[in-house]
Amino acid sequence: MTEGFIGKKHLNNAIDQVLQDPLPTAPRPIAFSVLRVPYFLEPQYDEDKPFIESNRQRLVKKWGGPAGWEQQKLRHDLKGRGLEAGIPHFNLDRLTSNTMASHRLIQHIGKTYGLAVSEAIYDRLNIYYFVDGHALNDRPRLAKAVVEELGKHLEEPPSEEELLDFLNGNQGRKEIETALQTLYDLGVSGIPKFIIEGQTVVDGAAHSSVFVNIFREIEERGEIVKGPIFGDILGVSKDVLDQGSHVPDTELAA
């Protein structure tokens, strides 16, 4: 998941760069619709528990003990790559948990309030989890944090009680399970992975320059080849996709 946070930072940096410095010869302004597809690193985690273990405990077990984990940290240089992406700190003792409820919530917010709002919430939850160390299945705490962030983007945000009721329910589960099966069928076995124009795949926490090059080619072309392949699967309407998540003046979903 740490790779996903770094990858998301690089994606955001690339989008900001392209939007702030548009090509003067582009046929029309470019805009973006970022559609988030859920993925579970630990699908066996109990959904009924607020958290299971610390991330430090999880990774020490995964890499065969403290020595193996230290070697893995050196190989991946997550701290250095995080700093490069604009992330000053990772909380190594953050609390890990099942993430079905938080995935359902992100999807619900996107469908209800638009992708720009759901992306803002996702960015907030990256800080909530990776930096502050809170469990994503601590539902009362999660509802409180999300309502506070929604208040910055909506005139009438839902209440904590409304979000907590949603988190404790099952709405959106079927769509997420279908999306997960589609990922498995496509051979996706890790994150982050970015699918641009429904066809170009960027693996891993790619640097922002990789995204900028792809986006510039689309900007020069002035049109996209294909739309998002998970829109229908996740039940995201065309209107929501057309509104975009990062839009300057006119809309061209990339």
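Arginine 58 turns out to be buried in this predicted model, with a relative accessible area of just 13%. Its side chain is not left without a partner: arginine 58 meets glutamate 42 in a salt bridge, at 3.0 Å from N to O. Arginine 58 belongs to helix H2 (residues 55-62), while glutamate 42 sits in the loop between helix H1 (2-20) and strand S1 (53-54), so the pair ties together parts that are 16 residues apart in sequence.

Another salt bridge pairs lysine 61 with glutamate 53, this time at 2.9 Å, N to O. The two ends of this pair sit in opposite settings. Lysine 61 is exposed, at 60% relative accessible area, whereas glutamate 53 counts as buried, because its relative accessibility is 10% and the cut-off for buried is under 20%.

Further along the chain, lysine 238 and aspartate 242 make a salt bridge of 2.6 Å, N to O. Both residues lie in helix H12 (residues 238-243), and they are 4 residues apart, which means that about one helical turn separates them. Lysine 238 is exposed, with 59% relative accessible area; aspartate 242 is partly exposed, with 33%.

These pairs are part of a wider picture, as the whole structure holds 19 salt bridges. In general, side chains of opposite charge can pair when their charged atoms come close. Some of the charged residues go beyond simple pairs: Lys8, Arg36, Glu119 and Asp123 are linked in a salt-bridge network.

Two members of that network, Arg36 and Glu119, turn up again around a cavity. The structure has 3 cavities of 30 Å³ or more, and the second largest of them comes out at about 80 Å³. Arg36 and Glu119 are among the residues lining the second largest cavity, together with Val34, Leu35, Ile106, Gln107, Gly110, Lys111, Leu115, Ser118 and Val236. Helix H5 (100-113) and helix H6 (115-131) each supply at least two residues of this lining, and the largest share, 4 residues, comes from H5. By character, the lining of the second largest cavity splits into 5 nonpolar, 3 polar and 3 charged residues.

Past H6 comes leucine 136, in the loop that runs between H6 and helix H7 (139-150). Loop position or not, leucine 136 is buried, with a relative accessible area of 8%. Leucine 136 also has a distant partner in sequence to consider: methionine 100 is 36 residues away along the chain, yet the C-alpha atoms of the two residues are 9.1 Å apart in space.

Leucine 186 gives the opposite case. This residue is also found in a loop, the one between helix H9 (173-185) and strand S3 (193-196), but leucine 186 is exposed, at 53% relative accessible area. Leucine 186 has nonpolar company at the surface as well: with Ile195, Val201 and Ile229, it forms a nonpolar patch. Together the four residues of this patch present about 320 Å² of accessible area.

Note on methods: Residues are numbered from 1 along each chain as its sequence is written. This is a predicted model: local features need pLDDT of at least 70, side-chain atom pairs count only at pLDDT 80 or more; totals for chains, interfaces and linings use all residues. Side-chain values use heavy atoms; hydrogens and water are left out. Patches are made of residues with over 30% relative accessible area and no salt bridge: like charges are joined within 9 Å, nonpolar side chains (Val, Leu, Ile, Met, Phe, Trp, Tyr) within 5 Å. Accessible areas come from the Shrake-Rupley method with a 1.4 Å probe; for residues, only the protein chains shown count as cover. Buried means under 20% relative accessible area, exposed over 50%, partly exposed in between (1.4 Å probe, protein chains only). On a 1 Å grid over the protein atoms alone, a cavity is a set of points where a 1.4 Å probe fits but cannot get out, and a pocket is an open set with protein on both sides within 12 Å along at least five of seven lines; lining residues have an atom within 4 Å of a point. Grid points are joined across faces, edges and corners, and a volume is the space filled by probe spheres set on the points. Ala, Val, Leu, Ile, Met, Phe, Trp, Tyr, Cys and Pro count as nonpolar, Asp, Glu, Lys and Arg as charged, and the others, Gly among them, as polar.
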